[in-house]
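The following exercises concern the interior, the cysteines and the backbone of one protein model. Each task is followed by a solution in steps.

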Amino acid sequence: MIIQTSASAQEKKKFIKGYDGGMMVHTGYVTNSVSPLSYYAEGPTFGIGGLVKLRFSDHFRNGFEGYISTIGQMDNGSYSKVFWSGSTFDFFWEKGKWMPYVGLTTGGGTVTHFLMFEGDKHDWVSEPISYFNKKAFFAIDPYLGCDYCLSDAMHLTMRFDYLFAVGKDVHVPQGPRLYFGFIFSH
């Protein structure tokens, strides 16, 4: 009887089965129509960010992530910069050394535009036609990716996403992004 009770206690399942976390860099090609200025932005974007996720089952994770992504404009120091973060959840499957996953992040962010239509970034002269705008937005970010498990503790990851921004008069550069990173698992 004592042996059975001890064995049953050891078989009790853990609520949190592990965690994953790490850093990723990303790139992509985004477009943006800044309608108040009749300006159309497009080009490559680059950024960095990170995440931490708790494993609640053999296939479900939940956590937080945040990224910053910048697109340069007009070759004069102008830019559009997007920061977003939020709660993320995904479903994953382990197939040998591969771990594909699909998920969604919901949260918020800010988009900052600095557009200098006349002037030079190298002088100390006031620029006559420049615009600065910063707005908050609600973020919805679906993603699809796959880890390659170098070991139980270290993964390489590759992921695609597409950030959707919801808000009044928000002009967020949109397009697919490709991420590469290192994920530590326990």
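**Exercise 1. The enclosed cavity**

Task: Determine how the residues of the lining of the largest cavity divide into nonpolar, polar and charged, and establish which strands supply at least two of them.

Solution. The lining divides into four nonpolar residues, one polar and five charged. The model is a predicted one.

Step 1. A search of the whole structure returns one cavity of 30 Å³ or more. The volume of the largest cavity is about 70 Å³.

Step 2. The lining consists of Asp20, Met24, Leu51, Lys53, Arg61, Tyr101, Asp147, Thr157, Arg159 and Ile183.

Step 3. Assign classes to these names. Met, Leu, Tyr and Ile count as nonpolar, and Asp, Lys and Arg as charged. Thr157 is therefore the polar member of the lining.

Step 4. Turn to the secondary structure. At least two lining residues come from each of β1 (18–34), β2 (39–55) and β7 (154–162).

**Exercise 2. The nonpolar cores**

Task: Identify the residues with the most contacts inside the largest nonpolar core, and describe the surroundings of Val82.

Solution.

Step 1. The largest nonpolar core comprises 13 residues. Within this core, the most contacts belong to Tyr67, Val82, Trp84, Val111, Phe137, Leu163 and Val172.

Step 2. Two or more core residues are given by each of β4 (78–92), β6 (129–149) and β9 (176–185).

Step 3. Residues up to four places away in sequence being set aside, Val82 touches Tyr67, Ile68, Ser69, Thr110, Val111, Phe137, Leu163, Val172 and Pro173.

Step 4. A second core, separate from the largest, has five residues, including Phe92, Tyr101, Tyr143 and Cys149. Tyr101 also appears in the lining of the largest cavity.

**Exercise 3. The cysteines**

Task: Decide whether Cys146 and Cys149 are paired or unpaired, and state the burial class of each.

Solution.

Step 1. The search of the whole structure finds zero disulfides.

Step 2. For Cys146, the nearest cysteine sulfur is that of Cys149, at 8.1 Å. A disulfide requires the two sulfur atoms to lie within 2.5 Å, so this pair does not qualify.

Step 3. The search from Cys149 leads back to the sulfur of Cys146, again 8.1 Å away.

Step 4. With a relative accessible area of 24%, Cys146 is partly exposed, whereas Cys149, at 10%, is buried. The value for Cys149 falls in the buried class because that class covers everything under 20%.

**Exercise 4. Positive phi in a loop**

Task: Locate Met74 and Asp75, and give the phi of each.

Solution.

Step 1. Recall the usual sign: most residues other than glycine have a negative phi.

Step 2. Met74 has a positive phi, near 60 degrees, and that of Asp75 is also positive, near 50 degrees.

Step 3. Met74 is in the loop between β3 (60–73) and β4, and Asp75 is placed in the loop between β3 and β4 as well.

Step 4. Met74 is partly exposed at 32% relative accessibility, while Asp75 is exposed at 81%.

**Exercise 5. A glycine in a strand**

Task: Which residues is Gly107 in contact with, leaving aside neighbours within four places in sequence?

Solution.

Step 1. Gly107 belongs to strand β5 (residues 98–118).

Step 2. Its contacts are Ser85, Gly86, Phe137, Phe138 and Ala139. Among them, Phe137 is also a member of the largest nonpolar core.

Step 3. Gly107 has 22% relative accessibility and counts as partly exposed.

How values were computed
Residues are numbered from 1 along each chain as its sequence is written. This is a predicted model: local features need pLDDT of at least 70, side-chain atom pairs count only at pLDDT 80 or more; totals for chains, interfaces and linings use all residues. Side-chain values use heavy atoms; hydrogens and water are left out. A nonpolar core is a set of buried Ala, Val, Leu, Ile, Met, Phe, Trp, Tyr and Cys residues joined through side-chain atoms within 4.5 Å. Buried means under 20% relative accessible area, exposed over 50%, partly exposed in between (1.4 Å probe, protein chains only). Helices (H or I, at least four residues) and strands (E, at least two) are DSSP runs, numbered from the N terminus. Contact means heavy atoms within 4.5 Å. On a 1 Å grid over the protein atoms alone, a cavity is a set of points where a 1.4 Å probe fits but cannot get out, and a pocket is an open set with protein on both sides within 12 Å along at least five of seven lines; lining residues have an atom within 4 Å of a point. Grid points are joined across faces, edges and corners, and a volume is the space filled by probe spheres set on the points.
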